[in-house]
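Reader: I am new to this structure and would like a close look at a single part of it, set in its surroundings. Please take the time to connect that part with the rest.

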Amino acid sequence: MLDIKFIRENPDAIKRACELKGFTDYTDEILEIDKRVRELKTITQSKTAEKNKITREIPTATDKAPLIAKSKEIANEIAADMDELAQKQEQLNDLLHRVPQIPANDAPIGRDDTENIEVRRVGTPREFDFTPRAQWDLLEMNGWWKPEKIASICGSRTYALFGEAAELELAIQTYVIQKLISKGFTFVNCPSITKPQTIFNAGHFMGSDLSVMNNDVFMLTDTDRCLAGTAEIILNSLHSDEVLNEKDLPIKYAGFSPCFRKEAGAAGRDTRGIVRIHQFNKVEQYIYCTPEQSDQMHEHLLNNLCDVMEDLELPYRVIENCTGDMGFNKVKMNDVEAWFPSENAYRELGSCSSIGQFQARRTNTRFRASDGSLQFCATLNNTGIALPRAIVPVIENHQNPDGSVNIPKCLQPLMGGRTKIGGKH
């Protein structure tokens, strides 16, 4: 969320951010309610002081009745004012949680993903001398999945990998974790069960009514818990209500967790295969830093995912997301998309996001600056790797005519030295 003082002083910037990101503009309503909140605070303070003065006079007064009556009258007025104040503060709190983060000045302006900008391409899509198979055909012919059986047991949009494909999934995950550790990230094996407030504090949902999450988040019936859709949720609250030391920043985490999403907004998309499912595994990069370090850390996170794409020997491209596609809480965002031969297209494998101080205000995560001041941290996140989605471009790009799949060199030590899996071997 944004500071109310900033909103008071920069209403045009807030209006512009709402316009650029495509969100409803509540600026005028916020300023009106904020004005009334401040008025009521002043009024109640003044009346409380007056009531206290009368209370002190009562013991020595000759005629106490008028003073007692006046004190009760003021007390009733204060109670009414406090009721209105509580109502206005609740309204203000809800509206403040509907104000989007202001995008960076150099972020591309656009309405949706069709107006994103391609920054660069790395690698050339392979020209096959045979008809390449799609992910589901490779999984089927090698006995690496049983979609109908798993669906009958667990329901739609679930998956299980078998044999060498399951080994490959674990190898990719392990490789990325080890790579991030070597780059100074602290590995965190995160829980997937959390509290709704923890998800809300990550700033992906608007307003103060937690039920807004019900279409996207799996709530655990008859509990006060739910299932997180990314390790970012947990990592974002690791230092809530703490004051960090500037000299300790940046703090870098590599969080792993099973992730759970309803995918309610994705009806009809990717119903076949293992790209869009309810449960998946993800390694998440997450950084706490000073606002001045944010741009440098954004490039660091982005380059880490690009390095993984190159290690996996995948053609990929980097996208700069426009204002209408970057989402509610982001300052800037880059997608990294790998080449999917079966679709003859690039598909997203990760999103690198700078959040500014937006999340830290919700979690009250601050640092003591060198000048002694207390400031909110800046936070950033990016995918380390998401599985099984990442398996799709790996097996499709590295397949052979017999259905076998060549293993990228970086993964071979984690696959027992094998250079390929599947096929007739």
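Reader: Which residues does Met-309 touch, not counting residues up to four places away in sequence?

Author: This is a predicted model, and what follows should be read with that in mind. Leaving aside residues up to four places away in sequence, Met-309 touches Leu-314, Tyr-316, Val-336, Ala-338, Leu-349 and Ile-385. Met-309 belongs to the largest nonpolar core, which has 52 residues, and is listed there with Leu-168, Ile-172, Leu-312, Ile-385 and Leu-411 as the members that touch the most other members. Ile-385 therefore appears twice in this picture, once as a contact of Met-309 and once beside Met-309 in that list of core members. The element that gives the most to this core is helix 7, residues 163–182, with 8 residues. Apart from this core lies another one, of 24 residues, and among them are Cys-190, Ile-234, Tyr-253 and Phe-376. As a general background, nonpolar side chains in soluble globular proteins tend to be buried together.

The second largest pocket offers another view of the surroundings, since helix 10 (294–311) is one of the elements that give two or more residues to its lining, along with strand 10 (345–356) and helix 11 (358–363). This pocket holds about 450 Å³ of space. Its lining is made up of 20 residues, and those that lie nearest its centre are Gln-101, Ile-102, Val-331, Gly-356 and Gln-357. Sorted by character, the lining comprises 10 nonpolar, 6 polar and 4 charged residues.

The cysteines deserve a careful word as well, for the structure holds 0 disulfides. Cys-259 is buried, because its relative accessibility is 0%, and its sulfur is 9.1 Å from the closest cysteine sulfur, that of Cys-190, which is too far for a bond. Cys-190 has already been named as a member of the core of 24 residues. Cys-352 is likewise in no disulfide, and the nearest cysteine sulfur, in Cys-306, is 8.7 Å away. With a relative accessibility of 1%, Cys-352 also counts as buried.

Two further buried residues show how parts of the chain come together elsewhere. Ile-277 sits in the loop between strand 6 (251–260) and strand 7 (279–289), and it counts as buried because its relative accessibility is 3%. Although Ile-277 and Tyr-159 are 118 residues apart along the chain, their C-alpha atoms are separated by 7.6 Å. Beyond residues up to four places away in sequence, Ile-277 touches Arg-157, Thr-158, Tyr-159, Arg-261, Glu-263 and Pro-388. Gln-135, found in helix 5 (residues 135–141), is buried too, with a relative accessible area of 2%. With the sequence neighbours up to four places away again left out, Gln-135 touches Arg-272, Gly-273, Ile-274, Val-275, Val-392, Ile-395 and Glu-396.

These details can be placed within the whole protein, which has 12 helices and 15 strands. Its C-alpha atoms fill a box of roughly 105 × 45 × 40 Å, taken along the principal axes. Of its 425 residues, 49% count as buried, and among contacts between residues at least 6 apart in sequence, 73% join residues at least 24 apart.

Conventions
Residues are numbered from 1 along each chain as its sequence is written. This is a predicted model: local features need pLDDT of at least 70, side-chain atom pairs count only at pLDDT 80 or more; totals for chains, interfaces and linings use all residues. Side-chain values use heavy atoms; hydrogens and water are left out. Helices (H or I, at least four residues) and strands (E, at least two) are DSSP runs, numbered from the N terminus. Buried means under 20% relative accessible area, exposed over 50%, partly exposed in between (1.4 Å probe, protein chains only). Contact means heavy atoms within 4.5 Å. On a 1 Å grid over the protein atoms alone, a cavity is a set of points where a 1.4 Å probe fits but cannot get out, and a pocket is an open set with protein on both sides within 12 Å along at least five of seven lines; lining residues have an atom within 4 Å of a point. Grid points are joined across faces, edges and corners, and a volume is the space filled by probe spheres set on the points. Ala, Val, Leu, Ile, Met, Phe, Trp, Tyr, Cys and Pro count as nonpolar, Asp, Glu, Lys and Arg as charged, and the others, Gly among them, as polar. A disulfide is a pair of cysteine sulfur atoms within 2.5 Å. A nonpolar core is a set of buried Ala, Val, Leu, Ile, Met, Phe, Trp, Tyr and Cys residues joined through side-chain atoms within 4.5 Å.
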